[in-house]
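Me: I am in my first year and would like to go through this structure slowly, one residue at a time. Could you take my questions in turn and show the reasoning behind each reply?

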Amino acid sequence: MKILNYRLIIFILSIIFGVVFSIPSFMQTNSGKKISLGLDLQGGLHMLLGVQTDEAVTSKIKTIATSIKYFAEDEDLLIEDLSINGDSITFTILDKDEAPKIETMLEKIGGLEVGLDELTFNVSLTDDEIVRTKDLSVAQAVETIRNRLDQFGLAEPTVIRQGETDIVVQLPGIRSQEDEKAARELISKPANLELMAVDEERADQVYTMSDAQAASYGDIILEDVKNPNTLYLVKEIPILNGEQVIDAKVAFDQSNQPIINFTLNSSGARIFGDFTAKSIGKRLAVVLDGKVYSAPSIRERIGGGSGQISGGFTMIEAGNVAIALRSGALPASVKLLEKRSVGPSLGADSIQASMVALILGFVLVVVFMIIYYKTAGIIANIALITNIFIIVSVMAMFGATLTLPGMAGIVLTVGMAVDANVIITERIRELLRQGLSIQKAIEDGYSNAMRAILDANITTLLVAVILYAYGTGPIKGFAITISIGILASMLTAILGTHGIYEALMPKISKDKNIKKWFGVS
């Protein structure tokens, strides 16, 4: 019998893998991948946000109005008095023969109630479309906030939907007021970019005009971001919005001040080029979240689908705005409903209590296995220790977050991992009592125990998969830890220990003291 066998070689490689890749997590070194600690272990920020879903409906209405305006201009259709009234759009066509083209375009958009009274169209969303838009706005907000936090560089943020309109955000590691403020601003910033035409005919009347008067002309009044006393009268229906933005980066102008360069998609570039070609000499307002950042005059057609936003940004502000633009505008604003700061002391206490439980459980299992199963118990303990190293290594490699439920999963895995060896060793002991040779007892013991071990582990693994698929936050962490532990125990407890027995077989066969090896006479 060869001392080295394929089972033992695989086991040795798994030991090396587990030890090497778990060192950064155990030693907390600066290099290498480490397990991230969850909010309950290292402290951080917990927020409950409410999405203002009614704003998503208004935003969709405005987008539809923009589409109608561009379609009419592109098809040379004559329309006038295009305006938004609450949650509906009204406009008048000058030629009744052009109505079918408008109706066909609106049918393609879908989810609209379209009314035509002689030459006047009235367009609004259906009730089902309103419900769908609100639901989608929350789902989009979850994805947008998650993307922003990922780009911001926060490790393992938790962003999950709660109920119909609320979102739970957990940010581990946020401790200082500056970090908290930056994170909150990044999360709550709508980043709604709009390019809007300045109403040059009435621009000089903006300081004497009321909002109602501006609305009667299809205009709105916006403030300058630097100076609230500077007002702009712009067309209510934007030329473009943030949906057409595909990239945004921080750059510097000639004065070495931070600006944001943005790039539009092909559709946005075409609309932007056509508009600027028709509007030479007029001004175009760059509006972000309802504030005018600049209103330059158009000197020539602007092709290429790119532009810039300048507004006296600091580097941090410019970076956050660029992140928000890249990750997409929030379909509706979010409101902070609840905020809790979890101190790191709670995490330290939790870690200490969990480590005490883990170490105590581990020591009791190790001592029991040695006393009851002798050398076989020592072999099982080697597999158990390797199992823990593998769990930590795999979680570190995938950047998993360790939470209290995850630590509970590790404690549970300690018991589950040794369970397979208990079953195998008991089968071997039974066969030895029946008078079989040691080699035959070991081979048949593994063979007979395999079915029970596989059944138990596969059913537990299926439950863990279901928990991960339908659970949230801490439940997912528990499911991940259990799943890794089950797979690792299959490798160490079955393959690894079998390889050790094969390597030790010559020595075991010569030794007449079977009790020393398996705790049975």
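Me: Is Gly111 buried, partly exposed or exposed?
Reply: The model is a predicted one, so the value here is computed from its atoms. Buried means under 20% relative accessible area and exposed means over 50%. Because the relative accessibility of Gly111 is 26%, which lies between those two limits, this residue counts as partly exposed.

Me: Where does Gly111 lie, and which residues does it contact beyond its neighbours within four places in sequence?
Reply: Gly111 sits in the loop that runs between helix H4 (99-109) and strand S5 (112-117). Once the neighbours within four places in sequence are left aside, the residues in contact with Gly111 are Ser124, Leu125, Thr126 and Glu129.

Me: How many Å separate Gly111 and Leu149 in space, C-alpha to C-alpha?
Reply: Along the sequence, Gly111 and Leu149 are 38 residues apart. In space, taken from C-alpha to C-alpha, the separation of Gly111 and Leu149 is 33 Å.

Me: Is Leu77 buried or exposed, and how far is it from Ala99 in space?
Reply: Leu77 belongs to the loop between helix H3 (53-74) and strand S3 (79-85), and Leu77 counts as buried because its relative accessible area is 8%. Not counting residues up to four places away in sequence, Leu77 touches Phe71, Ala72, Glu98, Lys101 and Ile102. Leu77 and Ala99 are 22 residues apart in sequence, and their C-alpha to C-alpha distance is 9.4 Å.

Me: Which side chain of opposite charge is nearest to Asp166?
Reply: Asp166 lies in strand S8 (residues 166-172), and its side chain makes a polar contact of 3.3 Å with the side chain of Thr165. A salt bridge would need a side-chain nitrogen of Lys or Arg within 4 Å of a carboxyl oxygen. Asp166 is buried and has no salt bridge, for the nearest side chain of opposite charge is 8.8 Å away, and that side chain belongs to Arg161.

Me: Which helix gives the largest share of the nonpolar surface patch?
Reply: The patch has about 1,000 Å² of accessible area together, and its members include Ile3, Leu4, Met397 and Phe398. Phe21, also a member of the patch, counts as partly exposed because its relative accessibility is 39%, and Phe21 has its place in helix H1. The largest share of the patch, six residues, comes from helix H1 (residues 6-27).

Me: Which residues does His498 contact, apart from its neighbours within four places in sequence?
Reply: His498 is part of helix H14 (residues 473-510), and His498 counts as buried because its relative accessibility is 6%. With the neighbours within four places in sequence left aside, the residues in contact with His498 are Arg7, Glu443 and Tyr446.

Terms used: Residues are numbered from 1 along each chain as its sequence is written. This is a predicted model: local features need pLDDT of at least 70, side-chain atom pairs count only at pLDDT 80 or more; totals for chains, interfaces and linings use all residues. Side-chain values use heavy atoms; hydrogens and water are left out. Helices (H or I, at least four residues) and strands (E, at least two) are DSSP runs, numbered from the N terminus. Buried means under 20% relative accessible area, exposed over 50%, partly exposed in between (1.4 Å probe, protein chains only). Lys and Arg count as positive and Asp and Glu as negative; His and the chain ends are not counted. A polar contact is a pair of N or O atoms within 3.5 Å; within protein, one must be able to donate a hydrogen and the other to accept it, and residues adjacent in sequence count only if both atoms are side-chain atoms. Patches are made of residues with over 30% relative accessible area and no salt bridge: like charges are joined within 9 Å, nonpolar side chains (Val, Leu, Ile, Met, Phe, Trp, Tyr) within 5 Å. Accessible areas come from the Shrake-Rupley method with a 1.4 Å probe; for residues, only the protein chains shown count as cover. Contact means heavy atoms within 4.5 Å.
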